[in-house]
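Reader: I'd like to go through the helix packing and the empty spaces here, and ask how the labels were earned. Can we start with the picture?

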Amino acid sequence: MSTQSTAGIDDTGTTDHPSRSDGFVRGVSEVIGGPLGDHAVALDRPAGREGRFWTAARIVLALVCLTLALHWVQKSPCQDGAWQNNVQYTRLCYTDVLALYYAEGLNEGKVPYVDHPVEYPVLTGYFMGALGLPVHALGAKDPGINQGQWFYNLNALVLGALAVATVGVILALRRRRPWDAALFALAPALALTATVNWDLLAIGLAAFGLYAWSRTRPDRLSAGPAVLAGALIGLGGAAKMWPLFLLGPILVLAVRAGRIRTALLAVASAAVTVVLVNLPVAIPYRDNWNRFFELNTTRPIDWGTLWYIGRYLDGKVSPSAPGDLGPFEWLNANIPTLNWVSYALFGLACLGVAALALLAPRRPRLGQLAFLVVAAFLIFSKVWSQQFVLWLLPLAVLARPRWGAFLAWQLAEVCYFAAFYGELLGAATSRPVFPEGVFVLAATLRLVTVAVLCGLVIRDILHPEQDAVRATYADDPDGGVLDGAPDAPWYVRRRGRQATNLPAEPAPA
């Protein structure tokens, strides 16, 4: 018998309350009198049927709007574009959105890729042009307006809407656990980096893709949602490459569940979408289109990465003789080798995640594997920009909705954010704000907390009884066709009866 409990069809369970289920929240709640009581109003009503205006979902949506408003205020000192005396660094309000309006020639009416090479994948370039060119046209008619400020605010409005939509997707996927979405809505990293770049475009598309995948079913009607899921993930990958990594976990889990056809539909749809979105630029404007790939191929070790930390340690642990290079400094001087080492480590990490998915006592959830793959990419990448934390936010919520480790990670991200701007200010003024070791320490804390989160997710996979989501749902509310599906017959034959994905039956009395 199927145990499906996907977000789209199963919303009759009791709402999870973190003050009872999450040890960290339960401890903090003692400050205001302890966990929610047994007789609290609507405590045990089915999720989505609370019968009052301020439901958990509406509170969370209001909270993300508040976070985005605070972000807009935090960025306001930079909105006029008159960045005098390094205000963009001293006020921590720098944003690529405003800077690149001028750097990419949008203020002159240049069409992305047609008139100017763009350093981002094509859908981000299209997005920049779709918002920037009308602003330029308006500015040409009314020279009194500040084009850069109009462009930034228009982007902030659209990107903010995508952030709210992402919270809506998390709420739809977690109808019994609406407070999980508050992790994203209240994340300090969202408040600090939401509009540093256009990452929320890819995040929103990837979230919609995961929701579409959750609607797939084990019958002939699953083709439509699978194709839609692939198309949305493909659009996300055409904006920022990382959403394409979600297809790997979908494929591996589908192999174990014997649902390979549905997964292949999604993968094929994503591939076709990426090609169709790229072709209008890649063929007629190949050199301008190739700028993204050229930049990423030739880029040296960037600030805050594992490799940057290694370069710092090169000179501290084993100082070289004059003219000699430590191993990390050597990699920075030999970028093709650095690229291959980075790719190889990420590939090995992906193989490890695939092995984990196949060897785990119970099939992992999609959110868990997706988080591990994207986190592995960031850990081993030679570039880890400040706003890349946004990639992990929704995946962390889906993978492990626990507040303690999540807040520790967010604290590390805030520390890195502040240290990074100190580093930028020091580079701009040629006067270091603090010793280089402070920035390296902040980068190390960020890396370590992400690695710890990965370790906790792996522990939940190996011990599914500790998985907070499975304490509320029978299996995987994000899994769609995978949710509640038994393991494939070939897998059961290899591993034995205990390898099925269904929960173990209680022992007879």
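**Helix crossings and empty spaces**

Author: Start with helix H12, which makes a right-handed crossing with H19. Bear in mind that this is a predicted model, where local features need pLDDT of at least 70, side-chain atom pairs count only at pLDDT 80 or more, and totals for chains, interfaces and linings use all residues. Residues are numbered from 1 along each chain as its sequence is written, and side-chain values use heavy atoms, with hydrogens and water left out.

Reader: What makes the crossing of H12 and H19 right-handed?

Author: The near helix is turned clockwise from the far one by less than a right angle, while anticlockwise would be left-handed. H12 and H19 get the right-handed label.

Reader: And why is H12 called oblique to H19?

Author: Helix H12 (residues 247–257) packs against H19 at about 135 degrees, with 8 Å between the axes. Angles under 35 degrees count as roughly parallel, over 145 as roughly antiparallel, 65 to 115 as roughly perpendicular and the rest as oblique, so H12 is oblique to H19. The axes are lines fitted to C-alpha atoms over the stretch in contact, and the angle, from 0 to 180 degrees, is taken between N-to-C directions. The helices themselves are DSSP runs (H or I, at least four residues; strands are E, at least two), numbered from the N terminus.

Reader: Which residues of H12 and H19 meet?

Author: Pro249, Ile250 and Leu253 of H12 touch Leu366, Leu369, Ala370 and Val373 of H19, where contact means heavy atoms within 4.5 Å. That contact has seven nonpolar residues, no polar and no charged ones. Nonpolar here covers Ala, Val, Leu, Ile, Met, Phe, Trp, Tyr, Cys and Pro; Asp, Glu, Lys and Arg are charged, and the others, Gly among them, are polar.

Reader: What angle do H7 and H10 make, and what is that called?

Author: H7 and H10 pack at about 25 degrees, with axes 9 Å apart. That value falls in the parallel band, so H7 is roughly parallel to H10. Their crossing is left-handed. Among the contact residues are Leu159, Leu162 and Ala163 of H7, and Leu200, Leu201 and Ile203 of H10. By class, the contact has 13 nonpolar, three polar and no charged residues.

Reader: Why is the pair H11 and H13 oblique?

Author: Helix H11 (residues 223–239) and helix H13 (residues 260–282) sit at about 40 degrees, with axes 7 Å apart. That angle lands in none of the named bands, and H11 and H13 are therefore oblique to each other. H11 passes H13 in a right-handed crossing. The residues meeting there include Gly230, Ala231 and Gly234 in H11 and Ser269, Ala270 and Thr273 in H13. This contact divides into 11 nonpolar, five polar and no charged residues.

Reader: Now the holes. How do you know that a space is a cavity and not a pocket?

Author: Rolling a probe the size of a water molecule over the atoms shows where empty space is left. On a 1 Å grid over the protein atoms alone, a 1.4 Å probe fits in a cavity but cannot get out; a pocket is open, with protein on both sides within 12 Å along at least five of seven lines, and lining residues have an atom within 4 Å of a point. The search finds five cavities of 30 Å³ or more.

Reader: What lines the largest cavity?

Author: The largest cavity holds about 80 Å³, volume being the space filled by probe spheres set on grid points joined across faces, edges and corners. Its lining has 13 residues, with Ala207, Leu210, Pro394, Leu395 and Leu398 nearest the centre. H7, H10 and H20 each supply at least two of them. The lining has 12 nonpolar residues, one polar and no charged.

Reader: How big is the largest pocket, and which helix gives most to its lining?

Author: The volume of the largest pocket is about 1000 Å³. Its lining counts 38 residues, and Asn296, Arg299, Val383, Ser385 and Phe388 lie nearest the centre. H15 gives the most, with five residues. The lining splits into 23 nonpolar, nine polar and six charged.
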